[in-house]
Amino acid sequence: MIDETRQSGTILAIESSCDDTSCAVMSGGKILSNIVANQDVHKNFGGVVPELASRAHLSHIVPVVDEALKKAGLKIGQIDAFAFTRGPGLLGSLIVGAQFAKGLALATGKPLIEVNHMEAHILAHFIDEPKPDFPFLNLTVSGGHTELVVMRGPLEQELIGQTLDDAAGEAFDKCGKMMGLPYPAGPAIDKLAKEGSPVYPFPDSKVPGLDFSFSGLKTAVLYFISDRIKENPDFLEENKSDLAASIQYTIAKTLVKKTLLAAGKEELNDIAISGGVSVNSQLREMMRSACQKSGRMLFLASPEYCTDNAAMIAMAAHFKFLQGDFAELNATASPRLKRESAAS
Ligand SMILES: Nc1ncnc2c1ncn2[C@@H]1O[C@H](COP(=O)(O)OP(=O)(O)OP(=O)(O)O)[C@@H](O)[C@H]1O
Ligand SMILES: [Mg+2]
């Protein structure tokens, strides 16, 4: 339970679960700074290379934390608690943020807060206005996850649907790689699709209920491209925009259909979407129109809080701070961390 009488403090949060090193400072539930250092080193590999990611975190973490404190106008001694992403994510990447936060907590004698990255992606909706009311339905669409979650309270999150194979972001990235686009391909597909039409009818996911599957789309796109290239070697170059529009439309249609199905089943009126793919312009548009038609409210976070960022970790830590939910100094990174509150 959140203790409303408990004072919220000043929290420094670190995010390092994948390939972005980020630090945010929050005071009284308000973000004072949110610094993100991206890693360009993965661009030519078609995906994140774990070893390179942890090495880049090591070189980014000190300047990123330093800049976050400077931008917030605070000194380390003014921080009341240190938060870090415990998981899920890449072990070598998570360890950098976890050890750094533990070092700060040990040196200052201030409490440590561990945060589940997937819980935090959803709590990004509480950084800015308008904030959804509980209960609401959240669709998280990121590079590694596609999840439908009923939010009963900030830390009472019930998972009701998820992908059985690839995540939506992975589908964008893998299809983009087949099209010769650099990693991550989601933003480039979004841009290309604006100049094209969804003329190629790729198959919908056949998974019943509230789960997802995107591996069939990936295979369909692979065979489609190689068949067309056999007939016309310039097919990709000449039809990139239509291909991007067709892939994007197929993914967005499935996401909207399953989200509305879940909202109906759970009788929820408020819908929020989070994670990097939630920035996608067509997904936002189709979800907006579906919500309008069914009389539901849609909540979209600011794009800077959709992809990986420490502001969302600070937001989750703020709720844990109010509960007095602190971690031990021997807390470890957990690459496959599950939701604590995934009660069914
Ligand atoms: N405009 C866009 N359209 C489609 N996809 C996008 C867009 N912008 C970003 N993405 C996708 O978002 C994903 C990255 O999102 P995010 O940073 O939330 O994922 P992640 O943190 O790597 O994964 P997870 O949180 O599951 O560990 C990438 O797959 C990227 O292609
Ligand atoms: Mg993420």
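Strands β7 and β8 (residues 156–162) pair in the antiparallel sense, with 6 bridges between them. Keep in mind as you look that this is a predicted model. In this pairing, M151 stands opposite Q157 of β8, and a hairpin with 2 residues between the strands links β7 to β8.

β7 also has a partner in β6 (residues 136–141), again antiparallel and joined by 6 bridges. Here L137 has V150 in β7 as its bridge partner. These two strands form a hairpin as well, this one with 4 residues between β6 and β7.

The two pairings can be set out like this:

| Pair | Bridges and sense | Residues between the strands |
|---|---|---|
| β6 and β7 | 6 bridges, antiparallel | 4 residues |
| β7 and β8 | 6 bridges, antiparallel | 2 residues |

How covered is β7 (residues 146–153) itself? Mostly so: 6 of the 8 residues in this strand are buried.

Now let's turn to ligand 1. Around ligand 1 there are 24 residues, and those that come nearest are G143, G144, G169, G186 and G276. What is the make-up of this shell in nonpolar, polar and charged residues? The shell divides into 7 nonpolar, 14 polar and 3 charged residues.

Helices contribute to the shell too: α3 (117–123), α4 (168–178) and α5 (186–193) each supply at least two of the residues around ligand 1. In terms of domains, at least three shell residues come from domain 1 (10–123 + 308–323), and at least three from domain 2 (129–300).

Key: Residues are numbered from 1 along each chain as its sequence is written. Chains are lettered from A and ligands numbered from 1 in the order in which they are written. This is a predicted model: local features need pLDDT of at least 70, side-chain atom pairs count only at pLDDT 80 or more; totals for chains, interfaces and linings use all residues. A residue is buried if 20 or more other C-beta atoms lie within 10 Å of its own, exposed if 12 or fewer, and partly exposed in between; C-beta atoms are placed from the backbone. Two strands pair if DSSP finds at least two bridges between them. A residue is near a molecule or strand if its C-beta atom, placed from the backbone, lies within 6 Å of it. Ala, Val, Leu, Ile, Met, Phe, Trp, Tyr, Cys and Pro count as nonpolar, Asp, Glu, Lys and Arg as charged, and the others, Gly among them, as polar. Domain bounds come from an automatic or database domain assignment.
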